[in-house]
Amino acid sequence: MSTERITDDLDRLLALLPADVGEALQPEARRDQLLEVVLDLGRVPEARYPGRSLALGERCLTREDLQSTVERLGQFGADNRAGIERTLHRISAIRNRRGDVVGLTCRVGRAVFGTVALVRDLLDSGQSLLLMGRPGVGKTTALREIARVLADELEQRVVVIDTSNEIAGDGDIPHPAIGRARRMQVARPELQHQVMIEAVENHMPEVIVIDEIGTELEAQAARTIAERGVMLVATAHGNALANLIKNPTLCDLVGGIESVTLGDEEARRRRSQKTVLERAAEPTFPLAVEMHSRHRWAVHADVGRTVDLLLRGQTPRPQERSLAADGSVQLVESPDPVIGASRPRARPTRQLRQAHAAAPQLAAVPTPDPVATPLRDAVDSASPAEDGLQVLCCGLTPRLVEEASRRHRWPVRLVDDLAEADVVLSVRQGLGRQPGLRRQAREARVPILVIKADTLPQVERALERLLSRRAAAEPPTVSADQADALAALEECRLAVERVVVPQGRPVELLPRTEDVRRMQADLVARYRLRSDVFGRADQQRLRVFPP
């Protein structure tokens with residue numbers, strides 16, 4: 001059974017709406033998961049739910065309907081927002097040029113108890129935490145619950161900076177959802193950064209909770225607070241850390257970005273251009289959470305490392321966490337390693353793997369001690385080739401590819417090695433940060449598809465185009481000579497990976513033609529191993545030596 005508990009005081013919000021609108025929302029089915037009610041002059045009122053909307057009746061709203069609702073609400077603030085005292089609901093106004101209200105967005109505020117289990121261990125660490133996600137995913141709800149847990153369960157001195165009274169509700173008495181945490185209201189949104197500093201200087205908090213850091217001054221105030229040893233818990237605009245890095249106003253939250261000129265030796269070592277982007281300082285928030293849905297979050301336990309990887313065009317792998325129906329937290333580690341991470345050995349191409357069935361038994365070096373062994377068992381146990389389109393991402397969020405393939409049930413698999421890829425999928429700036437990848441892809445004849453932006457629709461269109469081309473292409477025919485060459489290369493690969501490297505034993509391959517031996521020698525060199533040719537005439541064969 002779920003441990004979540006939800007309170008929403010929805011009746012108090014419905015009582016302010018026009019009578020027929022309130023009556024239309026009385027059935028329990030229409031109240032469940034209600035996000036907001038939209039009232040626009042001259043239009044039918046609308047109730048919005050996750051992924052859908054519902055018209056409430058057929059009558060269009062008049063000025064009198066809107067005016068009566070506004071009068072029951074009270075005064076709007078400088079940010080065109082109003083609330084209902086000691087509730088979490090928020091009403092935002094749309095005005096015409098004369099300042100008259102012509103539309104209202106009535107956002108339902110709910111106190112949800114139990115979702116903090118997804119990051120409960122992070123709160124114990126005492127490090128600052130940043131929450132990101134699309135609008136409506138539940139950032140403020142999570143922030144409210146985190147403030148309560150820190151104040152009540154961990155007994156911290158918590159101060160909530162409540163700019164629009166969205167965290168602790170309207171009125172002078174905070175909503176019980178924040179527990180024993182104290183609340184400081186902000187007179188005008190542009191003064192939020194000043195109230196943040198005032199809270200630290202006057203009230204000795206151990207934790208400060210802030211909703212919607214959105215300006216450079218607020219980002220600077222957050223850094224100042226963190227440098228004074230106060231824990232920060234905040235939300236910021238952006239779906240992911242990659243979006244935050246591209247935001248010049250807020251990138252200081254994750255360390256800031258600066259252009260650095262590398263020396264010749266360092267540029268060669270990195271295989272990059274001499275002028276690169278690097279992180280300027282330690283992140284204000286060492287921990288970050290990307291909220292994909294209300295019950296599925298991705299945790300970056302080391303924001304500094306994540307930013308460094310993104311700036312180098314590599315793909316970080318956050319820890320995926322989901323909240324089960326019984327309230328337990330399930331951890332889903334990503335199976336794919338980070339692109340560019342160190343590997344014990346190189347991997348053969350996909351085409352080589354596909355020839356494993358044709359690989360014959362290998363002959364061992366004839367020496368008194370058995371320093372090499374046949375690889376019949378290794379060949380028999382080789383796994384079959386993977387099916388589907390294998391994609392290597394460059395400067396692209398892999399989660400988007402996974403989501404697109406899962407949504408459409410496309411046979412697409414992410415890989416982290418160019419040798420395994422059927423195609424490289426990149427954004428425009430991605431290849432600029434990895435010039436070596438472009439060159440390697442050209443040499444390996446792996447096509448590169450560049451899309452305009454790192455968004456789900458762009459990724460979906462790209463994958464659909466790639467899969468349609470792949471389906472239209474005729475399967476290639478393989479001649480006897482090509483099949484023999486593929487079998488010889490697979491024989492060489494198995495020898496290296498099953499005997500030479502793990503057991504430290506040399507292996508002598510079967511006799512091959514000069515061209516095939518040269519291909520085998522090139523493959524051995526890729527593993528950074530040494531080989532030599534032995535035998536005479538048509539019995540010449542390659543011997544592979546251990547490192």
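Two strands are taken to pair if DSSP finds at least two bridges between them. In this predicted model, an open sheet of three strands follows the order 24-26-25, and its pairing is antiparallel. The briefing below covers that sheet, the helix packed on it, and two residues in other helices.

**The three-stranded sheet**
- The edges of the sheet are formed by strand 24 (507-508) and strand 25 (530-534); each has a single partner strand, so one side of each is left without a neighbour in the sheet.
- Strand 25 and strand 26 (residues 541-545) run antiparallel and are joined by five bridges.
- Within this part of the sheet, Phe534 stands opposite Arg541 in strand 26.
- Helix 19 (residues 514-526) packs on the sheet, where it touches strand 25 and strand 26.
- The direction of helix 19 makes about 10° with that of strand 26.

**Ala219 in helix 8**
- Helix 8 (residues 216-227) contains Ala219.
- Ala219 counts as buried because its relative accessibility is 1%, where buried means under 20%.
- When neighbours within four places in sequence are left aside, Ala219 is in contact with Ile213, Thr249, Asp252 and Leu253.
- Thr284 lies 65 residues from Ala219 in sequence, and the C-alpha to C-alpha separation of Ala219 and Thr284 in space is 8.7 Å.

**Arg493 in helix 18**
- Arg493 belongs to helix 18 (residues 480-503).
- With a relative accessibility of 10%, Arg493 counts as buried.
- The side chain of Arg493 is joined to the side chain of Glu490 by a polar contact of 2.7 Å.

Key:
Residues are numbered from 1 along each chain as its sequence is written. This is a predicted model: local features need pLDDT of at least 70, side-chain atom pairs count only at pLDDT 80 or more; totals for chains, interfaces and linings use all residues. Side-chain values use heavy atoms; hydrogens and water are left out. Helices (H or I, at least four residues) and strands (E, at least two) are DSSP runs, numbered from the N terminus. Buried means under 20% relative accessible area, exposed over 50%, partly exposed in between (1.4 Å probe, protein chains only). A polar contact is a pair of N or O atoms within 3.5 Å; within protein, one must be able to donate a hydrogen and the other to accept it, and residues adjacent in sequence count only if both atoms are side-chain atoms. Contact means heavy atoms within 4.5 Å. Axes are lines fitted to C-alpha atoms, for helices over the stretch in contact, and angles run from 0 to 180 degrees between N-to-C directions.
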